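New notebook page, new structure. I want to look up the empty spaces, the cores and the way the strands go together, and jot down what I find.

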Amino acid sequence: MSTQITFLPETASQTGGPYVHIGLAPKQAGFDIFENNFDNNLVKPETKGERIRLEGQVYDGSGTVLRDVLVEIWQANAAGKYAHPADTQDKPIDPAFRGWGRTGADFDTGFYSFETIKPGPVPGAKPGTMQAPHICLILFARGINIGLHTRVYFEDEKEANAKDPIINGIEWEIRRDTLIAKREERDGKVVYRFDIRIQDTPDGGKETVFFDV
């Protein structure tokens, strides 16, 4: 008995279009279709750690704010442990911390935001090394075939950032700053501002560093 294998041509790729919000963040698009909706709030009243708000805007190469982007984040808890079976560290899981969130940018202002906690440091890929506290972020938008992966580090973690293997792996030192969220306090709350530039800017060197994940 012989088996015939048929090779089909690859279909054309397609960018994330205007319906991405309906499928992934329907409430923001005005649709109440899921029993459990993911949103931008990762914490509960009993969540351990320093409460922070992460916010920013996304710009294209002309400096225009994009208003139809979808942003997802995932991160370790305050102890530096991910809520995932692959994280085998002997550190506590925080059952009150989800560790993952999703939101669309505001359709009018282009601002995205997350209510979360500042994560703890996690081990690096090389034994004996540590990564600075950071949040992993992925961006989806029309015109982008594959989600853009980046990281959010914290301005007030200078010592840890200076030793981070990922930051130090970026050859152009001037571009390392594109991964640093700026801290401020607003109405008694800690806010980190993290703007994302998906293309280089006319003055050069300000395109956010993205990673091939």
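**Entry 1: the cavity.** I began with the lining of the largest cavity, and its residues divide into 5 nonpolar, 2 polar and 2 charged. This is a predicted model, so I keep that in mind for everything below. The names in that lining are Gln75, Ala76, Asn77, Lys81, Tyr82, Ala83, Ile93, Asp94 and Phe97. I looked up the volume too, and the largest cavity holds about 40 Å³ of space. How many cavities of 30 Å³ or more does a search of the whole structure find? I got 1.

**Entry 2: the pocket.** Next I looked up the largest pocket, which has a volume of about 300 Å³. I count 13 residues in its lining, and Asp177, Thr178, Lys182, Asp195 and Arg197 lie nearest its centre. By kind, the lining of this pocket divides into 3 nonpolar, 4 polar and 6 charged residues.

**Entry 3: the chain as a whole.** I stepped back for the overall numbers. The protein chain has 4 helices and 11 strands. Of its 213 residues, 42% count as buried. I also checked contacts with a separation of 6 or more, and residues 24 or more positions apart account for 68% of them.

**Entry 4: the cores.** Which residues touch the most other members of the largest nonpolar core? My list reads Leu54, Val69, Tyr112, Leu137, Leu139 and Ile196, out of 27 residues in that core. Then I asked where the members come from: strand 1 (51-59), strand 2 (70-75), strand 4 (111-117), strand 7 (134-140), strand 8 (148-154) and strand 10 (189-193) each supply at least two residues of this core. There is also a second, separate core of 7 residues, with Tyr153, Ile167, Leu179 and Val209 among them.

**Entry 5: strand 7 and Leu137.** I picked strand 7 to follow up, and found 6 of its 7 residues buried. On one hand it pairs with strand 2, antiparallel, over 6 bridges. In that pairing I see Ile73 with Leu137 as its bridge partner. On the other hand, strand 7 pairs with strand 8, again in the antiparallel sense and over 6 bridges. Here the bridge partner of Leu139 is Leu148. For Leu137, I set aside the neighbours within four places in sequence and noted its contacts: Val71, Glu72, Ile73, Tyr112, Leu148, His149, Thr150, Val152 and Ile196.

**Entry 6: strand 1.** Strand 1 is mostly covered as well, with 7 of its 9 residues buried. I traced its partners one by one. Strand 4 runs antiparallel to strand 1, and 7 bridges join them; Gly56 stands opposite Tyr112 there. Strand 10 pairs with strand 1 in the parallel sense over 4 bridges, and Ile52 has Val190 as its bridge partner. Strand 11 (residues 196-197) is also parallel to strand 1, over 2 bridges. In that pairing, Tyr59 is matched with Arg197.

**Entry 7: Ile167.** Back to the second core for one of its members. Ile167 sits in helix 3 (residues 165-168). Is Ile167 buried or exposed? The relative accessible area is 6%, under the 20% cut-off, so I put Ile167 down as buried. Leaving out neighbours within four places in sequence, I found Ile167 in contact with Tyr153, Asn161, Arg176 and Ile180. I also looked up the spacing to Val209: the two are 42 residues apart along the chain, and their C-alpha atoms are separated by 9.9 Å.

**Entry 8: strand 9 and Asp187.** Last stop, strand 9. Strand 8 and strand 9 run parallel, joined by 2 bridges, and Phe154 has Ala181 as its bridge partner in strand 9. Strand 9 and strand 10 run antiparallel, with 5 bridges between them. Glu185 stands opposite Val190 in strand 10. The hairpin of these two strands has 2 residues between the strands, and I found Asp187 in that loop, between strand 9 (180-186) and strand 10. What caught my eye is phi: the value for Asp187 is near 55 degrees, positive in a residue other than glycine. Asp187 has 80% relative accessibility, over the 50% cut-off, so I log it as exposed.

Conventions
Residues numbered from 1 in each chain as written. Predicted model: local features only at pLDDT ≥ 70, side-chain atom pairs only at ≥ 80, totals over all residues. Heavy atoms only, no water. 1 Å grid on protein atoms, 1.4 Å probe; cavity = no way out; pocket = protein on both sides within 12 Å on 5 of 7 lines; lining within 4 Å. Points joined across faces, edges and corners; volume = space filled by probe spheres on them. Nonpolar A, V, L, I, M, F, W, Y, C, P; charged D, E, K, R; others polar. Core = buried A, V, L, I, M, F, W, Y, C linked by side-chain atoms within 4.5 Å. Buried < 20%, exposed > 50% of the residue type's maximum accessible area, 1.4 Å probe, protein only. Contact = heavy atoms within 4.5 Å. Pairing = 2+ DSSP bridges.
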